[in-house]
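This report describes selected local features of one protein chain. Please consult the sequence and the structure shown below while reading.

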Amino acid sequence: MSNALKVDLHCHSNVSDGVLAPAAVAQTARKAGVDVWALTDHDEIDGVAEARAAAQALGMQFVSGVEISITWAKETVHIVGLQIDETHAGLCAGLAATRAGRDNRGRQIAAELAKAGIADAYEGALKFVGNPDLMSRTHFARYLVEQGVCANIPDVFKKYLSEGKPGYVPHRWATLEDAVGWIRAAGGIAVIAHPGRYKFNDMAQGVLFDEFKQLGGTAIEVVTGSHTPDQYPEYAELARRYGFLASRGTDFHAPGEARVDFALLPPLPAGVTPVWHDWF
């Protein structure tokens, strides 16, 4: 029954690094047949009220969410919080602290890109920013695509914005313990977003999963637009092995940007327990 629902628990609006307003993301999801939907903007909950109202008006079940950036083993990892109380003081304070420093990093990225011959990147990225507190690498990527430097956003990340490339600037985010603690204090469920996207070997990934579970994390994303189809069964098996619930979401940012759009994302593989199994 629960897997028959079309559920998307990972989406972004222009409150973080998406393109559409929260209500427009809700409309796009509903038009594609989504039944249960969460807005999970990066380090920000200001879009949740608009998203909830839009989802309810469209007849969708709404899940309040957020995606928190953390630093673990010198890598940036994302932790999604679902079913959160977005007004919780501890969560809001933690997210505000996490957002601090993004503008300074943005200026550093622009300076590095200027050294690589790409001028005015800060001003160019700013055109794509909906929330000045949340300038991200994606905004720079959109500017570089607009300028014809690269053909698409993944290409920008590969050539300019990943570690070791001309525009990469590291940033120290919250800790795993911070993120899971804020989510749980706000009554939410912590989920490791797109675990197949991180550059960890099997041993490091196992350490991450063990630590996450010990801290009270309960789920990983199995089917996500940031995974390749061959990773769906791989992470379904890992969810079973570690006793994690399984989550699903497109990681939608803008029409045409995702690997898989709302209507085409497949259901969870058999044999896993959906994170939403007891919500309705």
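The text below treats an annotated domain, a set of helices and two loop residues.

The model is predicted: local features require pLDDT of at least 70 and side-chain atom pairs pLDDT 80 or more, whereas totals for chains, interfaces and linings use all residues. Residues are numbered from 1 along each chain as its sequence is written, and side-chain values use heavy atoms, with hydrogens and water left out.

**Annotated domain.** An unreviewed UniProt entry lists residues 7–72 as "domain: Polymerase/histidinol phosphatase N-terminal"; such annotations may be inferred rather than shown by experiment. In the model, this span is 32% helix and 27% strand, and its end C-alpha atoms are 28 Å apart. Helices (H or I, at least four residues) and strands (E, at least two) are DSSP runs, numbered from the N terminus.

**Helix α7 and its neighbours.** Helix α7 comprises residues 153–161, of which Ile153, Asp155, Val156, Tyr160 and Leu161 are buried. Buried denotes under 20% relative accessible area, exposed over 50%, and partly exposed in between (1.4 Å probe, protein chains only). Viewed down the axis of α7, the buried residues fall within an arc of 155°, so they line one face of the helix; the arc is that of the directions from the helix axis to the C-beta atoms. Pro154 and Lys158, on the other side of α7, are exposed.

The buried residues of α7 pack against α4 (102–115) and α6 (137–146), where contact means heavy atoms within 4.5 Å. At the start of α7, a side-chain oxygen of asparagine 152 comes to within 2.9 Å of the backbone nitrogen of aspartate 155.

The axes of α4 and α6 come within 10 Å and cross at roughly 35°; axes are lines fitted to C-alpha atoms, for helices over the stretch in contact, and angles run from 0 to 180 degrees between N-to-C directions. Arg105, Gly106, Ile109, Ala110 and Leu113 of α4 make this contact with Arg137, Phe140 and Leu144 of α6.

**Loop residues with positive phi.** Aspartate 43 has a positive phi in a residue other than glycine, and glutamine 83 likewise has a positive phi although it is not a glycine. The table gives their details.

| Residue | Phi | Loop | Relative accessibility |
|---|---|---|---|
| Aspartate 43 | near 55° | between β2 (36–39) and α2 (48–58) | 0%, buried |
| Glutamine 83 | about 60° | between β4 (75–82) and α3 (89–99) | 30%, partly exposed |

Key. A polar contact is a pair of N or O atoms within 3.5 Å; within protein, one must be able to donate a hydrogen and the other to accept it, and residues adjacent in sequence count only if both atoms are side-chain atoms.
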